[in-house]
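Me: I've got a model open and would like to learn how to read it. Can you take me through a few features?

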Amino acid sequence: MREFKNIGIIGAGSMGIGIAQVASAAGCKVFLYDNSIDSAKKSLNNLEKILSRLIVKQRITELQKQQILHNIKIVSSLNDFKNVELVIEAIIEDLSIKKELFRKLEAIVTPNCIIGSNTSSLSITDLGSVFKDPTRFIGIHFFNPAPLMPLVEVVPALQTDKNLSLAIKKLLQQWKKLPVIAKDTPGFIVNRVARPFYSEALRIYEEQIADFSTIDQAMKEVGGFKMGPFELMDFIGNDVNYAVTVSVFKSFYYDPKYKPSLTQKQYKEAGWLGRKTLKGYYDYNNSVNHNPSNDVALLNEIFERILALLINDAVDALYLGVASKEDIDLAVTKGVNYPKGLLAWGEEKTFNWVMNTLDDLYATYHEDRYRCSAHLRKLASKGL
Ligand SMILES: NC(=O)c1ccc[n+]([C@@H]2O[C@H](COP(=O)([O-])OP(=O)(O)OC[C@H]3O[C@@H](n4cnc5c(N)ncnc54)[C@H](O)[C@@H]3O)[C@@H](O)[C@H]2O)c1
């Protein structure tokens with residue numbers, strides 16, 4: 001059984017410092033490197049403040065705070081990673097910059113050192129191609145904020161050692177995380193199956209069927225989601241959410257099912273990014289009271305349309321071996337806080353209902369975004 005006690009983290013941005021906190025709280029020694037030492041120091045200062053607030057809320061003790069901070073050491077060079085057993089990279093999302101870093105890193109670490117990437121959208125197999133020994137490389141995809149979100153997607157590349165996924169899964173369990181195993185395909189699990197939550201909501205708005213707050217109301221009140229799609233996009237940032245959609249669209253060879261929304265593109269272009277710019281689909285400078293809709297039929301129609309597309313994509317991901325049934329459902333409940341797993345939800349609503357809903361939409365629009373998964377038809381025909 002592999003031991004991971006000394007962990008190197010590269011990139012001290014929001015993800016890197018969050019992962020450092022998780023590893024450190026689990027008792028590991030963390031070596032944190034960022035090419036801007038000032039950024040690393042700033043992140044560590046912020047972490048100190050966050051931990052102090054957690055003490056006030058009685059979520060951790062002063063001793064735990066001291067231990068977490070004591071275990072994290074900022075280093076000024078990658079050469080300080082000579083003795084770590086695992087490195088997790090969390091730098092800027094840029095293929096060539098990450099590849100260049102990995103080339104440098106492999107020449108420094110020991111032959112047994114495992115290297116993971118926290119990339120959200122790049123191919124692990126492509127990143128792995130730069131290693132002399134690619135069997136040691138794997139995707140370890142945390143969600144933001146890493147200390148709070150339990151889900152981690154473990155993504156082996158084509159070249160990754162077959163036993164490594166399990167070893168990383170065990171480590172993440174020791175770190176009190178909920179790891180799932182995902183095939184190295186665009187968007188892994190969550191960023192793939194969750195796409196219609198945003199794209200279909202935007203489409204419904206573009207068709208002038210309902211405004212942002214009514215669509216959010218439908219998903220929260222009828223569906224039980226904690227946040228509506230527009231609230232969530234404002235929270236994530238329209239720049240970030242749009243970039244993921246574009247990346248998934250391109251990686252699927254421009255499959256129209258994943259086509260990005262012009263509305264979201266314009267919000268990004270206008271700098272209406274959401275909460276961080278105080279303006280997105282909602283205005284965060286002024287508290288505006290939205291009049292809730294009483295149109296129960298409309299709210300149901302919106303919810304069912306979005307849900308049917310979500311279940312269809314989850315079934316398709318299962319069909320194409322992206323992950324197991326259990327892991328797909330865990331991924332959406334623990335990674336994006338859906339009230340139910342999408343496959344369990346499909347069983348509850350019946351796959352026949354999902355198929356008929358999609359077929360009705362397809363009959364109306366004749367667009368590929370409403371294409372029913374072959375597997376969904378099979379499940380429906382079996383009466384499941
Ligand atoms: N933010 C999210 O919601 C989120 C969620 C999951 C995964 N990710 C992924 O995690 C990674 C980091 O994202 P983030 O949001 O923390 O970014 P960020 O911009 O907050 O931080 C990136 C950090 O990397 C440093 N950096 C850049 N180039 C470097 C280099 N060559 N060597 C060393 N340090 C370098 C920067 O100085 C910065 O501090 C990305 O791959 C992103 O796709 C992000």
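**A strand, a ligand shell and a helix pair**

Reply: Sure, let's begin with a strand. In β2 (residues 29–33), four of the five residues are buried, so the strand is largely enclosed by the rest of the structure. Keep in mind that this is a predicted model.

Me: Which way do β1 and β2 run, and how many bridges join them?

Reply: They run parallel, and five bridges join β1 (residues 6–10) to β2. To get your bearings, find I7, which stands opposite V30 in β2. As a general idea, side chains in a regular strand alternate between the two faces of the sheet.

Me: On to the ligand. Which residues are the closest?

Reply: Look for G11, G13, M15, N35 and N144, the closest of the 23 residues that surround the ligand. Then check which helices take part: α1 (14–25) and α4 (95–106) each supply at least two residues of the shell. The largest share, three residues, comes from α1.

Me: What is the make-up of that shell by class?

Reply: Count 10 nonpolar, 11 polar and two charged residues around the ligand.

Me: And at what angle do α13 and α17 pack?

Reply: For a helix pair, an angle of 65 to 115 degrees counts as roughly perpendicular. Helix α13 (residues 296–319) meets helix α17 (residues 374–381) at about 100 degrees, with the axes 8 Å apart, and that makes α13 roughly perpendicular to α17.

Me: Which residues make the contact?

Reply: From α13, N312, V315, D316, L318 and Y319; from α17, A374, H375, L376 and L379. By class, that contact has six nonpolar, two polar and one charged residues.

Definitions and conventions: Residues are numbered from 1 along each chain as its sequence is written. This is a predicted model: local features need pLDDT of at least 70, side-chain atom pairs count only at pLDDT 80 or more; totals for chains, interfaces and linings use all residues. A residue is near a molecule or strand if its C-beta atom, placed from the backbone, lies within 6 Å of it. Ala, Val, Leu, Ile, Met, Phe, Trp, Tyr, Cys and Pro count as nonpolar, Asp, Glu, Lys and Arg as charged, and the others, Gly among them, as polar. Axes are lines fitted to C-alpha atoms, for helices over the stretch in contact, and angles run from 0 to 180 degrees between N-to-C directions. Angles under 35 degrees count as roughly parallel, over 145 as roughly antiparallel, 65 to 115 as roughly perpendicular and the rest as oblique. Two residues are in contact if their C-beta atoms, placed from the backbone, lie within 7 Å. A residue is buried if 20 or more other C-beta atoms lie within 10 Å of its own, exposed if 12 or fewer, and partly exposed in between; C-beta atoms are placed from the backbone. Two strands pair if DSSP finds at least two bridges between them.
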